[in-house]
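Colleague: Please pick one part of this model and go through it closely. Give the cut-offs for each term as you use it.

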Amino acid sequence: MPYTLQMLRALMEDHPDRVGNLRIHVESLENSIENQPAFCLQSVRTLFETVQLTIAPIIGVDLSGVTEFPARNGRIVKALDFSIRNHPDAAEIDAVIKKLLGSINGTISALAELSNIPGLRHGGSLDWGTLQRQHARMLGGLCDALVRFLFDVAWSRPSADAPEPEPERYDDFAGFNEWLDDEYGMVEIVGAWFQPSRILHALDPTLYNDQRAAWAAEQNAAASDQEAA
């Protein structure tokens, strides 16, 4: 059964608009693990370097002047936000995951050391032994899990430069508001009169939006029927 980087392939399915050349690197690594394990280390390191250079601009990290492979990875991890939204201990979660990935960064350092040993990534005698399939699968599994996680975190966060979407305003839906007010009539409370549409929009915006969507669908269906007639 051919070796598959399952997590990275799932990542490509989750982010089809951002795959780019990632597929080329994934297929190259899968092929080297299965058919050319001696060249696996080159593919693994190349993929990690691709992660660094792809994510850095997204999260505003400047890697210029930082040439060491582990140091680049450390900057990426430090800048990413690993917190869980709407959790009271979001900041602590971010710090602990950074601590965990800091330990994994030690693995990245070991990977860099391994790739600098002659005969494992470049150079070496034809008489020397080289990486076997079990080594390639171990390296591929490490790459599959960590690269998927880093890309997923970076791609799932809104860009710092992206403008905040403007909230929908009550006045944007005059047609629906008029219909709702006509349907239910003005509401009197201690001598003051209020519009049902304003009350619903202010007190239960979810119900307001649901009803507005249903009303819009009815309007579109009626318009289609008129055109067909």
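Modeller: Helices (H or I, at least four residues) and strands (E, at least two) are DSSP runs, numbered from the N terminus. The model is predicted, so local features need pLDDT of at least 70 and side-chain atom pairs count only at pLDDT 80 or more, while totals for chains, interfaces and linings use all residues. Numbering starts from 1 along each chain as its sequence is written, and side-chain values use heavy atoms, with hydrogens and water left out.

My pick is helix α2 and its neighbours. Start with a residue outside that helix. F82 sits in the loop between α4 and α5. F82 is buried, at 4% relative accessible area (buried is under 20%, exposed over 50%, partly exposed in between, with a 1.4 Å probe and protein chains only). From F82 to M186 the C-alpha distance is 49 Å, across 104 residues of sequence.

Now α2 itself, residues 22–35. One partner is α6, residues 133–156. The two helices pack at about 165°, and their axes are 9 Å apart (axes are lines fitted to C-alpha atoms, for helices over the stretch in contact, and angles run from 0 to 180 degrees between N-to-C directions). That angle makes α2 roughly antiparallel to α6 (under 35 degrees is roughly parallel, over 145 roughly antiparallel, 65 to 115 roughly perpendicular, the rest oblique). From α2, the contact takes L22, L29, I33, E34 and N35 (contact means heavy atoms within 4.5 Å). From α6 come R133, A136, R137, G140, C143, F151 and W155. By class, this contact holds seven nonpolar, two polar and three charged residues (Ala, Val, Leu, Ile, Met, Phe, Trp, Tyr, Cys and Pro are nonpolar, Asp, Glu, Lys and Arg charged, the others, Gly among them, polar).

The other partner here is α3, residues 40–59. α2 and α3 pack at about 160°, again with axes 9 Å apart. So α2 is roughly antiparallel to α3 as well. On the α2 side, L22, H25, S28, L29, S32 and I33 take part. They meet C40, S43, V44, T46, L47 and T50 in α3. The split is six nonpolar, six polar and no charged residues. L22, L29 and I33 are listed in the contact with α6 and in the contact with α3.

Which residues have the most contacts inside the largest nonpolar core? They are L22 and F48, in a core of 40 residues (a core is a set of buried Ala, Val, Leu, Ile, Met, Phe, Trp, Tyr and Cys residues joined through side-chain atoms within 4.5 Å). At least two core residues come from each of α1 (6–14), α2, α3, α4 (69–79), α5 (90–115) and α6. α6 gives the largest share, ten residues. L22 itself touches L11, M12, L47, F151 and W155, leaving out residues up to four places away in sequence. Of these, L47 belongs to the α3 side of its contact with α2, and F151 and W155 to the α6 side.

α3 also carries Q42. Q42 is partly exposed, at 33% relative accessible area. Its C-alpha lies 7.5 Å from that of S115, although the two are 73 residues apart along the chain.

For contrast, look at the other core. This second, separate core has seven residues, including F173, L200, Y208 and W215. L200 also takes part in the contact of α7 with α8. α7 (174–184) and α8 (196–203) pack at about 115°, with axes 7 Å apart. They are therefore roughly perpendicular to each other. N177, L180, D181 and Y184 of α7 meet P196, S197 and L200 of α8. Those residues divide into four nonpolar, two polar and one charged.

Two more residues are worth a look. V190 lies in the loop between β1 (187–189) and β2 (192–194). Most residues other than glycine have a negative phi. V190 is not a glycine, yet its phi is positive, about 45°. At 85% relative accessibility, V190 is exposed. A221 lies in α9, residues 205–228, and is partly exposed at 39%. The C-alpha atoms of A221 and K98 are 52 Å apart, with their positions 123 residues apart along the chain.
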